[in-house]
Amino acid sequence: MSHFTDEQIEKQFRQMDENNDKLITIAELRSYYIPLKERFGVSQKEAEQQIQRYLKQLDTDRNGNISFEDLDCESFIFFFNTITIQHIQTQKIVNNESPEIIRMLNSEFNKFARNPDLDLYPEHLRSHIDELNEQVYPKLNNGVYRAAFAKSQEAYNAAFEDVFSMLDKLENVLSEQRYLIDNNQITEADVRAWVTLLRFDPVYFTLFKCNKKMISKDYPNLYGFVRDIYQMEGIKETVDLYEIKKHYYASLLTINPTGIIALGPEINYDLPHDRDRFK
């Protein structure tokens, strides 16, 4: 993931703020965003759907506009630096929405998959998965970024509260079952929460100032959950904790100007877990 300076974000904000009133209206958002997406083969209808999702995520005070305070580093990435699936022969973007790409990888490439029978989004659990994702994304996945790049104490406090209220909720769920949605089946909701939980102690606790509690010290069920998935076949090989820390600490110079990488904390995701106690 790429990261941007405050100056880059402010410059882009000014380009989108056509009347210089320090607010981006939905009309200004459409004026900028739809032509940009059409260049990559995204239809106007699809672009409008994306705009509505972004507005819902960024318009924190629900007044129909985006202020500069709303447009932090993470949300800036939403607009201008997206993961894509590209059709090599036509050179067109097939999809650039991360949640939709997760779903596509779950089902559309099964003939290339090592475990094609694994379904992270089974039909009978979809409504429950969607409901939890709608809560976890703004409060936890994006909540840590809202805390890190908050431009006021009030915004930081709100994000901080969201992060730990969600961690408390997930800890409670995992005290009664192995996975977040279904006791016997890992789902997309587990994966989406796990990537943030894995990084929490090494990065978000210190660098992002989400320092009320640690996963490895204060949340025994969350810590066991992280180790459970980490130790599944093929997962550990995708994780390099030093590279994760190096990326965040060395690239986010707006919140870590020296680029110095913290040495701690020491976390062992190879420790035995007892998540299989849930049958």
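The following exchange concerns the fold, the cores and selected residues of a predicted model.

Visitor: On what basis are residues numbered and side-chain values computed, and which pLDDT limits apply?
Guide: Residues are numbered from 1 along each chain as its sequence is written, and side-chain values use heavy atoms, with hydrogens and water left out. Because this is a predicted model, totals for chains, interfaces and linings use all residues, whereas side-chain atom pairs count only at pLDDT 80 or more and local features need pLDDT of at least 70.

Visitor: How many helices and strands does the protein have?
Guide: Helices (H or I, at least four residues) and strands (E, at least two) are DSSP runs, numbered from the N terminus. On that basis, the secondary structure comes to 12 helices and four strands.

Visitor: Which helix gives the largest share of the largest nonpolar core?
Guide: A nonpolar core is a set of buried Ala, Val, Leu, Ile, Met, Phe, Trp, Tyr and Cys residues joined through side-chain atoms within 4.5 Å; buried means under 20% relative accessible area (1.4 Å probe, protein chains only). The largest such core has 53 residues, of which Leu167, Leu197, Phe200, Phe208 and Tyr248 touch the most other members. Elements giving two or more residues to this core include H6 (126-141), H8 (153-174) and H9 (188-204). The largest share, nine residues, comes from H8.

Visitor: On which residue is the kink in H9 centred?
Guide: H9 is mostly covered, with 14 of its 17 residues buried. The bend at a residue is the angle between axes fitted to the seven residues ending there and the seven starting there. In H9 the kink is about 25 degrees, and its centre is Trp194.

Visitor: Against which helices do the buried residues of H12 pack?
Guide: Ile244, Lys245, Tyr248 and Tyr249 are buried in H12. They lie on the same side of H12 because they cover an arc of only 110 degrees around the axis, the arc being that of the directions from the helix axis to the C-beta atoms. Judged by contact (heavy atoms within 4.5 Å), the buried residues of H12 pack against H7 and H9.

Visitor: Is Ser67 buried or exposed?
Guide: Ser67 is found in strand S2 (residues 65-67). Not counting residues up to four places away in sequence, Ser67 touches Phe13, Lys22 and Leu23. Ser67 has a relative accessible area of 16%, and is therefore buried.

Technical notes. Buried means under 20% relative accessible area, exposed over 50%, partly exposed in between (1.4 Å probe, protein chains only).
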